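Subject: Structure handover

Hello,

I am passing on the structure we discussed. Please look it over before reading the notes underneath.

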Amino acid sequence: MAAGFTGTQVYQSDFDPKIYLDTYYGAVTGVFIKDGYLDFILRKLHKAFTTGGVKGQLLIDIGPGPAIYQELSACEVFKEITAADFTDRNREYLEKWRRNEPGLFDWTPALKFVCDLEGQSGKLKEKEAKLRKTLKRVVQCDVTKSNPLDPLVLPKADCVLTVGCLECACKDEQAYRNVIKNLSSLVKVGGHLIIGSILGSTIFRCGSKQFSLINLSEDFLKRVMTETGFAIEDLEVLPREYDKAMYDICNHTSGIFILARKIKDV
């Protein structure tokens, strides 16, 4: 499987942001709506950015694709957010969202869910405005580089967040270890790395296109975090019930959330 792993240029040419959002986050029928993954991640992120004590000046969101939901709680406790993605189309989509252009994906359910968690029910427009103000820049990144933001150099971040990215970018476990080391270089000692991912998967589909995924396990992720200088502060796995139609789109067996503090440079 690794020999035929989807390369970066395939994402550049074939990944469609609109189809992706409709397939995975569309109301009722979206893969991550039906299996509960979206609500799970939003709840865990809310906890991390409140009682988990994750806050600061700079958060870097690595590989958000065209999505913004993972930043909704973060914008309350960080002064600035940088979103960094590999593909041109995803960055263009995020810039359109920052400009509040019409006709984009409707994040109302996620906005409502987060506002309710925060005790701010009904304040969806205020939440969107807060995130647009906090999301200072959208930049290119390549997680396989020692500085994933090259040539951009930013101050060390208080938090690096990555949801639904690394399993797409790493063809094997060694590549994954290298990528975690690269992301660690962006985080200050004492800062946090947050990973939202899926386990037991090999492929996902976006329209007529199929993309590769590394088959991750909980044990491997625990091990690699320790090996790269992090101490895990929160880890939770969300099992997924079998649904053939949904598995045909993305064949993961569970979701996972990890909050880790960087304790040393490795």
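The notes below cover the sheet, the helices on it and one aspartate.

Please keep in mind that this is a predicted model.

Sheet. Seven strands form an open sheet with mixed pairing, in the order S3-S2-S1-S4-S5-S9-S8. At its edges are strand S3 (135–140) and strand S8 (230–239), each of which pairs on one side only. On average, neighbouring strands of this sheet are turned by 15° against each other, direction ignored. Strand S2 (residues 78–85) and S3 run parallel and are joined by five bridges. In this pair, Asp-85 stands opposite Gln-140 of S3.

Helices. S2 and S3 are crossed by helix H7 (residues 124–134), which runs at about 55° to S3. Helix H10 (residues 218–227) also packs on the sheet, where it touches strand S5 (187–199), S8 and strand S9 (254–262). The direction of H10 makes about 165° with that of S8.

Asp-61. This residue belongs to strand S1 (residues 56–62). Asp-61 is buried but has no salt bridge. Which side chain of opposite charge is nearest to Asp-61? The answer is Arg-98, and it is 12 Å away; the cut-off for a salt bridge is 4 Å. The side chain of Asp-61 does make a polar contact of 2.7 Å with the side chain of Gln-70. Leaving aside residues up to four places away in sequence, Asp-61 touches Gln-70, Glu-71, Thr-82, Ala-83, Ala-84, Leu-161 and Thr-162.

Regards

Technical notes. Residues are numbered from 1 along each chain as its sequence is written. This is a predicted model: local features need pLDDT of at least 70, side-chain atom pairs count only at pLDDT 80 or more; totals for chains, interfaces and linings use all residues. Side-chain values use heavy atoms; hydrogens and water are left out. Two strands pair if DSSP finds at least two bridges between them. Helices (H or I, at least four residues) and strands (E, at least two) are DSSP runs, numbered from the N terminus. Axes are lines fitted to C-alpha atoms, for helices over the stretch in contact, and angles run from 0 to 180 degrees between N-to-C directions. Contact means heavy atoms within 4.5 Å. Buried means under 20% relative accessible area, exposed over 50%, partly exposed in between (1.4 Å probe, protein chains only). Lys and Arg count as positive and Asp and Glu as negative; His and the chain ends are not counted. A polar contact is a pair of N or O atoms within 3.5 Å; within protein, one must be able to donate a hydrogen and the other to accept it, and residues adjacent in sequence count only if both atoms are side-chain atoms.
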